[in-house]
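User: I'm a first-year student and I'd like a close look at one part of this protein: the charged side chains and whatever surrounds them. Could you take me through it step by step?

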Amino acid sequence: MSCSDSNPAATPTPCQDTQGDGRWMSLHNRFVSDSKGKEPDVLFVGDSLVQFMHEFEVWRKLFSPLHALNFGIGGDATQHVLWRLSNGELDHINPKVVVLWVGTNNHGHTAEQISAGIQAIISVINHKLPNAHTVVLSVLPRGRSQNPLRERNAAVNTLLKEALLSVSHASFLDVDCGFVQSDGTIAHQDMYDYLHLTPQAYNRVCQPIHTHIQALLNTHTQN
């Protein structure tokens with residue numbers, strides 16, 4: 001799982017401040033600051049699907065009791081998360097489980113590049129948190145109808161499932177609750193903009209995540 005400069009998805013890169021308000025770096029710095037003095041058992045990290053999870057009742061119901069932190073930033077791709085975790089966000093905490101959800105924003109990257117980027121993130125987590133278990137959530141389908149990004153995301157999942165079989169302290173969890181209907185469309189009741197989840201969809205997605213995390217925490221306690 002080596003990181004190559006020839007793969008932009010696996011090269012640690014801060015998000016470009018295209019809007020000029022410094023918001024991304026401010027969030028990163030806040031995460032580093034917030035982590036000091038805290039002892040989370042679970043860390044969620046990734047893009048807007050992680051970030052928005054924190055806004056719904058499902059977070060307070062399922063994940064707050066697990067002493068979870070949320071380090072999600074909307075728009076993040078693998079190279080951005082890779083940079084954040086390499087630059088302080090893991091330095092003051094020692095969670096037992098890290099939940100990683102990223103990849104759908106890697107525009108212009110191939111499935112192979114994205115998979116390698118996610119594996120590079122896992123390498124950083126394993127290096128900085130050798131006792132933690134990383135749960136990689138599947139990249140969800142997107143768009144109302146069939147499109148190339150859906151095919152790419154599905155290919156990323158196939159590659160990750162295979163790759164993670166040989167990676168210690170990591171597992172792959174498919175969280176697609178049948179979002180693509182029989183006619184090939186995604187309902188706006190599940191993804192209001194055909195990318196981000198509605199509260200009801202979060203409820204369906206988060207239950208198996210919670211079950212998986214709880215099992216890992218129980219195993220960690222027994223060990």
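Analyst: Let's begin with Arg60, which counts as partly exposed because its relative accessibility of 44% falls between the 20% and 50% cut-offs. Keep in mind that you're looking at a predicted model. Arg60 has a charged partner, Glu57, and their closest N and O atoms are 3.2 Å apart, in a salt bridge. Both sit in helix α3, which covers residues 57–63, and they are three residues apart, so about one helical turn separates them.

You'll find a similar story in helix α1. There, Arg30 and Asp34 are four residues apart, which again means a separation of about one helical turn. Their side chains meet in a salt bridge, with 3.5 Å from N to O. How exposed is Arg30? Arg30 has a relative accessibility of 44%, so it's partly exposed. Asp34 is also partly exposed, at 29%. The total for the model is eight salt bridges.

Now for a pair in another setting. Asp76 forms a salt bridge with Arg84, and here the closest N and O atoms are 2.9 Å apart. Are these two buried or exposed? Asp76 has a relative accessible area of 0%, so it's buried. Arg84 is buried as well, also with 0%. And the pair has company: Asp76, Arg84 and Glu89 are linked in a network of salt bridges.

So let's follow the trail to Glu89. Glu89 sits in the loop between α4 and β3, and with a relative accessible area of 0% it counts as buried. Its side chain makes a polar contact of 2.9 Å with the side chain of Arg84. Another polar contact, of 2.7 Å, joins the side chains of Glu89 and His28. If you set aside the neighbours within four places in sequence, Glu89 touches His28, Phe31, Val32, Phe71 and Arg84. Just after α4 there's also Gly88, with a positive phi of about 115°.

What about the helix that Arg84 belongs to? Helix α4 runs over residues 78–86, and eight of its nine residues are buried, so the rest of the structure largely encloses it. Arg84 is on the buried list, together with Thr78, Gln79, His80, Val81, Leu82, Trp83 and Leu85. Which elements do these buried residues pack against? On the helical side, they pack against α1 (23–35) and α5 (111–128). They also pack against three strands: β1 (42–46), β2 (68–72) and β3 (97–101).

Those strands lead us to the sheet. It's an open sheet of five strands, in the order β2-β1-β3-β4-β5, and the pairing is parallel. The edges are β2 and β5 (170–173), each of which pairs on one side only. From one strand to the next, the twist averages 20°. At one edge, β1 and β2 are joined by five bridges in the parallel sense, and Val45 stands opposite Phe71 in β2. You've met Phe71 already: it's one of the residues in contact with Glu89.

At the other edge, β4 and β5 pair in parallel over four bridges, with Ala170 in β5 as the bridge partner of Thr134. In a regular strand, the side chains alternate between the two faces of the sheet. You can see this in β5: Ala170 and Phe172 point one way, while Ser171 and Leu173 point the other way. These four residues are buried. Helix α5, one of the packing partners of α4, lies across β3, β4 (133–137) and β5, and runs at about 160° to β4.

One last bit of context comes from a database record. An unreviewed UniProt entry annotates residues 44–203 as "domain: SGNH hydrolase-type esterase". In the model, that span is 39% helix and 14% strand, and its end C-alpha atoms lie 16 Å apart.

Conventions
Residues are numbered from 1 along each chain as its sequence is written. This is a predicted model: local features need pLDDT of at least 70, side-chain atom pairs count only at pLDDT 80 or more; totals for chains, interfaces and linings use all residues. Side-chain values use heavy atoms; hydrogens and water are left out. Buried means under 20% relative accessible area, exposed over 50%, partly exposed in between (1.4 Å probe, protein chains only). Helices (H or I, at least four residues) and strands (E, at least two) are DSSP runs, numbered from the N terminus. Contact means heavy atoms within 4.5 Å. A salt bridge is a side-chain nitrogen of Lys or Arg within 4 Å of a carboxyl oxygen of Asp or Glu. UniProt positions are given in the numbering used here, feature names are shortened, and annotations may be inferred rather than shown by experiment. Two strands pair if DSSP finds at least two bridges between them. Axes are lines fitted to C-alpha atoms, for helices over the stretch in contact, and angles run from 0 to 180 degrees between N-to-C directions. A polar contact is a pair of N or O atoms within 3.5 Å; within protein, one must be able to donate a hydrogen and the other to accept it, and residues adjacent in sequence count only if both atoms are side-chain atoms.
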